Amino acid sequence: MLGLEKKDFQLLLIVIGLTLFAPFLLNPFPEGSDLAQFNAGYPDLMQRFVIFGIFAIGFNILFGLTGYLSFGHAAFLGAGSYGAVWMFKLLSMNVLPAIAISVVIAGLFSLLIGYVSLRRSGIYFSILTLAFAQMSFALAYSVLTPITGGETGLQLALSDPRIFGAAQTATGNIPVPALFGLEMRSSFEWNVGAWLFTFNAGYYLAAFFMIIAFYISIRIFRSPFGMMLRAIKSNQTRMSYTGLNARPYTLAAFVISGMYAGLAGGLMASMDPLAGAERMQWTASGEVVLMTILGGAGTLIGPVLGAGMIKYFENIFSKINETILHGWFAFLPDGLEDVVVAMIYPFIGKGWHLTLGIMFMLVVIFLPGGLVQGGQKIGALFSRKKAEETKPNATEPAE
Amino acid sequence: MDQFILQILNGLDKGSAYALIALGLTLIFGTLGVVNFAHGALFMLGAFVAVTMSNLLTLSHKVVDETRTDFLGNPLQVDVPYLYDFFGQAAGDTIIDWAVPISILVAIPIMVGIGFAMERGLIKYFYKRPHADQILVTFGLAIVIQEIVKYFYGANPIPTPAPEAFVGSFDFGVVLGFDPNAIIYPYWRLVYFFFSVVVIGAVFAFLQFTTFGMVVRAGMADRETVGILGIDIDKRFTIMFGIAAAVAGLAGVMYAPINSPNYHMGMDFLVLSFVVVVVGGMGSLPGAVAAGFMLGILESFASMSAVIDLLPGINQIIIYLVAIIILLTRPRGLMGRKGVMEE
């Protein structure tokens, strides 16, 4: 179906299902209950899940397939955001041209940086991309202030021209990003008993783009082009001995992943029309590296899982404070309760970065294939047991 | 002319920090072949050794001062450092004042120990893995170290002053025959520069003039042959890792008075130090030192107002720009050896 093998098509269907029903799946606990704080089904966070999912899928096309570790991918995301906000300022508040221009700008930008950076490989490539990204960040922060807004970031203003749209709404406010009149922030809320489900327009737009991005990434993974990228990863020297110039392929992968980052940036700006230089900083690039590796570099679904997990930790886990912990362990004797809370507290709440760092290290050390590989290993463990159990039964009739 | 000299001086202290960190980085790379992204964290740990030291020295107990009263009329409780009890007030004050230099002595064993633990506990297992894996695992380690420090010391910078004797500035202008106050330079930065020269000199002398250093250099050139000759080269490389950690730590200790330590200062320096190492040439010790000072001075030249007027924003990007140009024109860096890190 759609040019996919059965297994990939099933995976795509699963992803479509998960994203469509995310407002239900992420809100498993009733409103007002103790566990409601673990609900992730609010629009802002759901948007972030899918947007960073797109970013990580794109990064994975470069790192997972070619093995080139870029530490400067956030620059493309930032460039995309700036492009999108400028479209809002100049053209209209419709998100489609903004998203289109952000992809184009990020593509051109990554073509430029990739052309230069890909002359080197290994750690030199990492340093080059890092240097370019830090340069873009520094310039966006200081000299390019007329274009980027500098420290305050690029924001919409009432005086913007917006030639195809209204400069301001009837009430004199700055208009909000919309898709042909459908405001990105508008939500439909549905009360079912104690549960409250929120269906947000912006989320579904971003989810639509993520599904397309995911589909394209499956096609790239299964294409001869993807195979070529994998060959470059496993042995570039041998590829060049066979008379193949690897650079156009790696450059294509770099530009594609840059465009993914731009798409993510454009969507980010569409959800919340501002763009800041800190989106380009190298820590932001480091974050997408964490997401991709944690989920599983080189796997299809891994980066999405990694992105979801880190964003969930960042927004939900980090809110747990000492009082809540004491509430959980209240059943323990007083002294023991304090000890347990004191032992757990450094790892959650504000210290969630520590947990993330430890998890990341464990994944790099023991599971180079990320959480997806971990899942497969566990799955294999069970299926082997099952296979052993079923084997005698299966073979008996044949005898 | 005085502006010119001032900028060179300004570049020296940053350059010293770059050179010290880059020296450790390239030492680790040259010996173990490992790309250590946690090296900035070691620098930061050094700075926090100084912080801890000054906290320890000012550990106090409460004493009721009968002569003074608080606003309720009760006798005032005064914090008295234990050091006063041991050495008397004057000597105690002096020791507290010299907390940062004293912590150098403590920092060396601590940092060597941390270096050993890191190498034996984690990095040992990554010799055979690809460089990307090494980068990633040490990046993770850096995050963990940072967060542990953040948990204990909080996220805010902690001011750690230099000894009283080094507060104030040195008037270079008078020495060189310019107007007074034309070239003034804080004493502590001068100390930092000389300190780094001493440390760098010590590392080079250690490698050049001791038998141990000779074996290490031989191991850097041809690890296998040295191993075949019956020398336990891994053990020596582990010790070199400890030394590299100590160099980064010392750089951090002495940097604490220049910039109040906070938990992410290591990452900020790490990125630049990597650029320095690459510009100097991976695995080349003189290259790292030369590139460190060169980039430090270039950076301060670029922040002269005349230069900024000509090329706005150049001070922010000069280091990266130089790195890009050098990487593209001289792939091995300024003094890189052939065959290092070439796929």
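Colleague: Two residues are in contact if their C-beta atoms, placed from the backbone, lie within 7 Å. On that basis, what share of the contacts in chain B with a separation of 6 or more comes from residues 24 or more positions apart?

Modeller: That share is 74% in chain B. Bear in mind that this is a predicted model, where local features need pLDDT of at least 70 and side-chain atom pairs count only at pLDDT 80 or more, while totals for chains, interfaces and linings use all residues. Residues are numbered from 1 along each chain as its sequence is written, and chains are lettered from A and ligands numbered from 1 in the order in which they are written.

Colleague: And what is the share in chain A?

Modeller: In chain A, residues 24 or more positions apart supply 73% of the contacts with a separation of 6 or more.

Colleague: How many helices and strands does chain A have?

Modeller: Chain A has 17 helices and six strands, taken as DSSP runs (H or I, at least four residues, for helices; E, at least two, for strands) and numbered from the N terminus. Its radius of gyration, over C-alpha atoms, is 23 Å. The globule rule (2.2 Å times the number of residues to the power 0.38) gives 21 Å for 399 residues, so chain A is as compact as a globular protein of that length.

Colleague: What about chain B, how many of each?

Modeller: Chain B has 15 helices and four strands. Its C-alpha atoms fill a box of roughly 75 × 50 × 35 Å along the principal axes. For chain A the box is roughly 80 × 65 × 45 Å.

Colleague: What fraction of chain B is buried?

Modeller: Of its 343 residues, 47% are buried, meaning 20 or more other C-beta atoms, placed from the backbone, lie within 10 Å of the residue's own. For chain A, with 399 residues, the figure is 45%.

Colleague: Now the contact between the chains. How many residues does each put in?

Modeller: Chain A puts in 35 residues and chain B 32. On the chain A side, helix 6 (122-141), helix 12 (282-295) and helix 16 (352-366) each supply at least two residues. Helix 6 gives the most, with 12 residues.

Colleague: How does that chain A side divide by residue type?

Modeller: Into 22 nonpolar (Ala, Val, Leu, Ile, Met, Phe, Trp, Tyr, Cys and Pro), two charged (Asp, Glu, Lys and Arg) and 11 polar (the others, Gly among them).

Colleague: Back to helix 6 of chain A. Why is it called largely enclosed?

Modeller: Because 19 of its 20 residues are buried.

Methods: A residue is buried if 20 or more other C-beta atoms lie within 10 Å of its own, exposed if 12 or fewer, and partly exposed in between; C-beta atoms are placed from the backbone.
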